[in-house]
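Reader: I would like a close look at one part of this model, set in the context of the rest. Please walk me through it in plain terms.

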Amino acid sequence: MSFDFPILSLLIFLPLCGALVLCAFWRSPSVARSVALAFAAAEFALSAWVCTASTLSALPGAPAGFFLFEDATWVERFGIRYTLGMDGISLVMVLLSSFITVIAVLVSWKGIEERIPLFFALLLAMESGILGVFLSLDLFLFYLFWEAMLIPMFFLIGIWGHGRRVYSAVKFFLYTFIGSLLMLVAIISLYLLHGTQAGSYTFSLAQLIHTSVPYGTSLWLYGAFLFAFAIKFPLFPLHTWLPDAHTDAPTAGSVILASLLLKTGAYSLIRFGYPLFPEAAHAFTPLLYASAVFGIGYGAWVAFAQTDMKRLVAYSSVSHMGFVALGIAAWSPIALSGALMQMVNHGVTTGALFAMVGMLDERTHSREITTYGGIWGKVPILAFFFLLFNMASAGLPGLNNFVGEFLVLVGTFRVSPAAAGGAFLGIVLTLIYTVRLVQEILFGKENKPLVLPDVTLREGAVLATLAVVDVYLGVHPGPVLDLLKVPIALLTKA
Amino acid sequence: MTYSDAISLMPIIIAACAALLVLLAGPFLPGSMTSAIAVAASVTAGAFAACTTPESAPALPGLAFTPLAHYLIPVFCLSAALTLMLSHGYNERRAIKGEEYPATVLFSLFAMCVLPCATNLLTLFLALESIAFAFYIMVSIDLGRAESGEAGLKYLLMGAVAAALTAFGFSLIYAGSGTLNLSAAIAAPGNRAIISAGWGLVVIGIAFKLSLVPAHLWTPDVYQGAPAPVAAYLSTASKVAAAAVLLMLLGFAPPMGELHVPLYLLSLLSMVIGNLAALLQKNIKRMLAYSSIAHMGYLTLAILTGSKEGYAAVLLYAAVYTVMNLAAFGAIASLSTDEERSQVSDYSGVGYSAPFRGGVLALSMLALAGIPPTAGFIGKFFIFYAAIRGGELTLAIIGIISAAASAYFYLKVVVHLYMRPAEVDSPKPSNSAESFALCCASVAIIAIGVFPAPLLRLVDAVLQ
């Protein structure tokens, strides 16, 4: 089934239209919430509908593997075209983004108390930016969305965050900005190189892939791309913006940051980094292995030392994204499918963890672990979900993270046993901090007398949905892996 | 002079007649009427220039409606019109009375319209210095503040030195080439040593006007002291005029070998020192002054490449920079009451107490930082593209790193607007002329950012 209207553009710009519509509701916060939820739900419905599109038909004019494609002239002088495309990988990412945005809207229903319409407008604008990154096939358009994502997140952290929110927001922005600017130099250099070789100047990914870049230059260009993406991943040692940004952001901000923003870095490496510079990417593989393995262990190690729940989960994100990086570095079909699965799984699981930390924070206004203890008896439903998502994060078989981690380790072991061995040790460390977190919050003696209401209907719906997705992906990952099969085969054989 | 010549010189004629009309009839008309006449005149002049096709033959001895004039005169007219609209409210609040102000703006617009039409060195110099004269008056026009007079005096003294150097440079070029005609003076071999010496002095003089380091010392003080709409006009139109002079003298050909090192150093120092110094500023107009210096550094980088892409980048950046700075200074002007909000911290919480003006200020800050999808990003992209294509990779990387660092002080304003609680009184409502001007500027920023193709076509038409 094909669509005869520009569905990809609709996917990208519907949330932005929602954000603009929300500005009209700046006097009525309660209506604004419902309008935001309606737009987020509509976006999710739309992306689910796209799933029904035939993923096997070859589209004329589209690059191989893309079953939805849009192309229009934009700035002819520079050869910039408005090119969007969806293949299996982007479809999975788009589904994840729209799903997590609905979750984020629901999670901040009660938590945000001031300037509510602006908050939800920025949330929806973020979704537009993220979807733009996942769907662009033109390097200039990709760069535009990549940078445009930063502005709403900057405001979300700076206005509604807590702690050192302005410091964290500015740090997040500047860190990412400088990486992106260096990537811009690389993009322009690649563009000029292609132009002098082929005679026609273009920013289109499909055509730039065919540029023959001299080896030395390709190392620099790929290095600039990798630098920008590594900041977003985040890969050790470029991760220092993440704990601050995650900890000081509001709950929905953390959810979107962890579940979606980090994935844009990984996705872009797979979509742009490796296809454009294959030899340079393979030359950088040892560095990527080292950074990934060290990140897995380091993230887990430092997470164990945290006293703030949110900071602990933030460092656990560093650790989990190390698995994704490991899978990408191995660049074999199994490892890459594991990495992409892990991206989805981490999005769901860590999004759920941040949502739960936010729920606990709303109840006691404290994110310190020492505030809690023995809450299993008081809030059994909340505690059950907390245990479930933490076990998922630890990689318990039957839950989703296990699938991703297993595939990554199997795929990497064939290519580089040393790296896989190092990652195994990281899993042990992951268990240590997860069990410590669960034990200190859920079990044991209570440290302070707390009044904890159990989950409300809204919170329960959110957690239940996330749990169902979690278990489903853990038990039946087949459909998602099938979607990923064809694009991964095309990427790894190239 | 034929009918078509008269039509092609209409912008100049309109500006001059309107200036005289405002000056003569001003005492008898209410203030808003004189402003309205002035705005109408600027808009009409711009419309005429945009609709007339350029010809190469001189309409008058020394004046030809070149393609450059076809592009730049609408930019100047837009700048003047928006400044007049912004000053309308500002001058009432600051008790700057009288018709001298709109008349001076129109006189400067007249000189700005003459400048890109000039075909000989003397007309070029006269136009350049007439612009400066008008600005000496406008900078010091706020009689209620001593800083305004001080700024005017500093600008006058520095500008006089610059004018002297430029005049000497022009006369040396004349002596070396034997003709005042612009195209002939560039092409004629003549006496290379004298022409080079003349060029050197001209570059110093233009560096003053463009406030490139190390000829930038007047800029922060003058921007701080001048009334905010005048600072807007000064930072945009006079810089664009100076850049236009440089382009016309270079004849859109690569600069000769001797100019490479001076332009390289000017660009490098301006980008780095401009951005670094802005990081330390607490006064918002000084910060914007240093940011102007950095932006002129980027402009010089594009001129340095000497390629067609570089000159196209300069022309595009001229238009983009104009709307960005007009929005920034305009928002500052409309947010001030009888005391200007001079410190960045005075803008705390203004994003919520004055959402539209705070939003325009935030948008202009993001545009100046070069963040997509604003016009500032397109401008920076084009400049760095031209630089890398022209072979200046090192300078482009230095420029990009300093642009990344510059995001910090632009973000500082946005942080104060939205993320800090209000400290001083909330701003009073703005009047409709100011809001309209700010609206025009912000729409232009976003429109050029998302659909740059039309403007790029115009720029390419100039360079044919």
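**A close look at chain A, and its partner**

Author: Chain A holds 20 helices and two strands. This is a predicted model. It scores ipTM 0.91 and pTM 0.93.

Start with the two strands. Strand 1 of chain A covers residues 68-75, and seven bridges join it to strand 2 of chain A. The two run antiparallel. One pairing can be picked out: A:Asp71 has A:Thr83, in strand 2 of chain A, as its bridge partner. Four residues lie between the strands of this hairpin. A:Gly79 takes a positive phi there, near 75 degrees. Strand 2 of chain A, residues 80-86, is mostly covered. Six of its seven residues are buried.

Now helix 9 of chain A. It runs over residues 215-232, which makes 18 residues. Does its length fit, or does it not fit, the 1.5 Å a residue expected of a helix? At that rise the helix should span 26 Å, and its end C-alpha atoms are 26 Å apart, so the two agree.

Which residues of helix 9 of chain A are buried? Towards the start of the list come A:Ser218, A:Leu221 and A:Tyr222. A:Ala224, A:Phe225 and A:Leu226 are buried as well. So are A:Ala228, A:Phe229, A:Ala230, A:Ile231 and A:Lys232. What do these buried residues pack against? Their partners in chain A are helix 7 (165-198), helix 11 (251-276) and helix 12 (278-283).

Step back to the whole of chain A. Of its 494 residues, 60% count as buried. Its C-alpha trace spans about 75 × 55 × 45 Å along the principal axes. A compact globule with 494 residues would have a radius of gyration near 23 Å; chain A has 22 Å, which agrees. Contacts reach far along the sequence too. Among those in chain A with a separation of 6 or more, 79% come from residues 24 or more positions apart.

Next, the partner. In chain B there are 20 helices and zero strands. Its radius of gyration is 21 Å, close to the 23 Å that the globule rule gives for 464 residues, so chain B is as compact as a globular protein of that length. The C-alpha trace of chain B spans about 65 × 55 × 40 Å along its principal axes. Of the 464 residues of chain B, 63% count as buried. For contacts in chain B between residues at least 6 apart in sequence, 80% join residues at least 24 apart. The average pLDDT of chain B is 90, and 98% of the residues score at least 70.

One residue of chain B serves as an example. B:Leu259 sits in helix 12 (residues 257-279) of chain B. B:Leu259 counts as buried because it has 21 C-beta neighbours inside 10 Å. Leaving out residues up to four places away in sequence, B:Leu259 touches B:Trp199 and B:Val203. B:Cys440 is 181 residues from B:Leu259 along the chain, and their C-alpha atoms are separated by 38 Å.

Last, the place where the chains meet. Here 23 residues of chain B are in contact with 22 residues of chain A. On the side of chain B that touches chain A, the elements giving two or more residues are helix 17 (375-389), helix 18 (393-419) and helix 20 (453-462) of chain B. Helix 18 of chain B provides the largest share, 11 residues. By class, this side of chain B has 21 nonpolar, no polar and two charged residues.

Terms used. Residues are numbered from 1 along each chain as its sequence is written. Chains are lettered from A and ligands numbered from 1 in the order in which they are written. This is a predicted model: local features need pLDDT of at least 70, side-chain atom pairs count only at pLDDT 80 or more; totals for chains, interfaces and linings use all residues. The expected span of a helix is 1.5 Å times one less than its number of residues. A residue is buried if 20 or more other C-beta atoms lie within 10 Å of its own, exposed if 12 or fewer, and partly exposed in between; C-beta atoms are placed from the backbone. Two residues are in contact if their C-beta atoms, placed from the backbone, lie within 7 Å. Ala, Val, Leu, Ile, Met, Phe, Trp, Tyr, Cys and Pro count as nonpolar, Asp, Glu, Lys and Arg as charged, and the others, Gly among them, as polar. Two strands pair if DSSP finds at least two bridges between them. The radius of gyration is taken over C-alpha atoms; the globule rule is 2.2 Å times the number of residues to the power 0.38. pLDDT is the predictor's confidence in each residue, from 0 to 100.
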